[in-house]
Amino acid sequence: MFWTIIFLLGGIAFVIIFSSRSRQKNEPPLDKGFIPWLGHALEFGNDVAKFLSRMKQKHGDIFTVRVCGHYITVLLDPNSYDEVLNDTVSLDLNNYTRVLMQRMFSLCLPNHSPDAERAWMKQHFQGPSLAKLSSTMHSHLHTLLRDEERSCSPVEWKEDGLFSFCYSMLFRAGYLTLFGTEKSHSLTDLTAVYREFRRFDGLLTKLAHSTLKNEEKKIASQSQKQLWEMLSPPWLSDRGGSTSNSWQQSYRSRLQNEGVDLEMQKRAMVLQLWVTQGNAGPAAFWLLGFLLTHPEAMRAVKEEIKGLTQLEGGLLQHHLLDTVDQHSTPVFDSVLTETLRLTAAAFITREVVQDKILPLASGQQYRIRKGDRVCLFPFVSPQMDPEIHDEPEQFRYDRFLNADGTEKKSFYKGGVRLKYYNMPWGAGRKACVGRHFAVSGIKQFVFIVLSRLELELCDPTATLPPVNPSRYGFGMLQPSGDLGVRYRLKTVR
Ligand code: HEM
């Protein structure tokens with residue numbers, strides 16, 4: 001009993017001592033929250049966009065908050081973002097990523113070189129490789145939609161949730177493109193991988209925040225193990241390796257050269273599955289959802305498709321669809337940019353490895369302490385900033401179009417033209433490597449769906465479901481619930 005009391009008192013004293021940080025000269029406003037050590041953890045985990053918008057109202061464009069014993073300086077002035085993005089001396093890009101890799105994927109890669117991996121990813125997803133990948137993605141999308149069409153007719157409607165429809169199609173096509181071939185994966189296997197991935201994906205944000213309940217921990221662990229096995233093709237256990245040139249095999253060779261053991265190789269595959277397949281499906285959902293709930297936007301996109309390809313009897317010609325991502329489509333591009341402005345919400349996080357002076361565009365300078373984290377959240381600003389985007393919560397399909405139909409790139413804050421007026425892909429040294437591949441896949445998918453299928457809302461008065469607030473900070477947002485749609489084959493006249 002005596003020792004229990006001593007232990008408890010010691011714990012309380014520890015918490016008080018480490019909670020007693022106060023704001024020093026030239027430091028950003030400090031908001032520790034009322035709960036010792038935890039600080040603002042609850043609000044941060046529940047709805048970080050709402051929380052940071054509230055903090056911005058209270059403190060302005062820069063402030064430091066306490067979350068689970070960590071001090072995080074949040075910067076919300078896009079004109080000053082380069083001061084963070086370009087600093088690789090005082091700010092570390094990779095430590096926090098390593099923490100998340102361990103928490104979310106039980107993955108530890110001690111000899112991992114993020115710069116070398118980035119260069120390798122670029123080789124595969126950009127430049128000459130991109131056209132080949134996009135074309136493979138295109139044929140898989142075609143095959144999957146053809147299977148869908150077989151169960152469709154021009155007279156009978158099929159019903160589905162738009163989110164499941166989009167996520168499942170893009171996931172399966174992307175998976176076949178990067179992780180397998182049609183021969184090696186039956187449709188049943190594919191669907192099983194997709195289902196398991198969704199189960200795991202549903203728990204990822206809690207894994208990242210370490211807030212899983214006991215039962216959820218079991219499910220997450222089972223799901224991880226299932227995925228490790230599902231993503232381990234037979235050749236993975238063949239130490240001699242294969243001579244094939246696929247992305248997956250090339251990745252495996254990289255890991256082997258870094259001395260990663262077989263177990264960690266399997267785990268790394270699941271991380272790659274999430275990085276490469278976790279965002280495009282949700283993005284396609286929001287895009288089609290906005291089109292279906294904004295008829296004038298849908299009309300404009302359909303007009304563009306029509307003008308582009310001279311519809312033949314209501315169907316888009318196959319060879320044009322094949323190269324659709326090479327055609328200029330300013331209306332679709334504006335719709336996609338606007339969709340991502342409203343629904344892409346990744347954090348950009350850096351760890352402060354030495355004390356730093358952070359100069360802002362306003363001329364003010366702030367001292368940031370070693371050991372803290374610095375975080376940019378472009379979703380709050382620039383993306384949802386009313387000073388930059390008029391009525392930012394509204395979807396306007398032509399927000400990124402000039403009057404002459406060209407892309408609009410000039411946006412201002414406080415009279416200053418912005419370099420960063422929309423940042424769905426992040427920026428700087430860790431900006432999205434798969435951006436062009438993602439855009440190409442989403443564009444192909446939307447164009448195939450709109451040209452092959454009649455797609456409409458089950459309830460014409462339905463609105464888009466709300467955002468699941470726990471997804472803020474993790475890339476593309478996901479809805480809470482789904483949007484009921486029905487579709488049937490277009491009639492060939
Ligand atoms: C709509 C779809 C997508 C969105 C919105 C998106 C967004 C992002 C963002 C915001 C980052 C930067 C995170 C940071 O600063 O730490 C990022 C990084 C990355 N993305 Fe994407 N992404 C998408 C699709 C893809 C696809 C399809 C691929 C794969 C081919 C991919 C591969 C990557 C990789 C490898 C990185 C890490 C880059 C690095 O650490 O150097 N992304 N993505």
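The legends below describe three close-up views of a predicted model.

**View 1. Helices α6 and α7 cross at roughly 60 degrees.** Helix α6 spans residues 114-125, and helix α7 spans residues 128-150. Their axes come within 5 Å. The crossing angle makes α6 oblique to α7. On the α6 side, the contact is made by Q123, H124 and F125. On the α7 side, S129, L130 and L133 take part. By type, the residues of this contact divide into three nonpolar and three polar, with no charged residue.

**View 2. C432 sits in a loop between β11 and α19.** Strand β11 covers residues 416-417, and helix α19 covers 435-452. UniProt lists C432 under "binding site", in an unreviewed entry. C432 has 19 C-beta neighbours inside 10 Å, so it counts as partly exposed; a buried residue would need 20 or more. Leaving aside residues up to four places away in sequence, C432 touches W425 and G426.

**View 3. A shell of 23 residues surrounds the ligand.** The closest are N279, A346, G426, C432 and G434. Four elements each give two or more residues to this shell: α6, α13 (262-277), α14 (280-293) and α19. Helix α6 provides the largest share, three residues. The shell divides into 16 nonpolar, five polar and two charged residues. Two names return here from the earlier views. Helix α6, which crosses α7 in the first view, contributes to the ligand shell. C432, the residue listed by UniProt, is among the closest to the ligand.

Conventions: Residues numbered from 1 in each chain as written. Predicted model: local features only at pLDDT ≥ 70, side-chain atom pairs only at ≥ 80, totals over all residues. Axes fitted to C-alpha atoms, helices over the stretch in contact; angles between N-to-C directions. Parallel < 35°, antiparallel > 145°, perpendicular 65-115°, else oblique. Contact = placed C-beta atoms within 7 Å. Nonpolar A, V, L, I, M, F, W, Y, C, P; charged D, E, K, R; others polar. UniProt positions renumbered as here; feature names shortened; annotations may be inferred. Buried ≥ 20, exposed ≤ 12 C-beta atoms within 10 Å, placed from the backbone. Near = placed C-beta within 6 Å.
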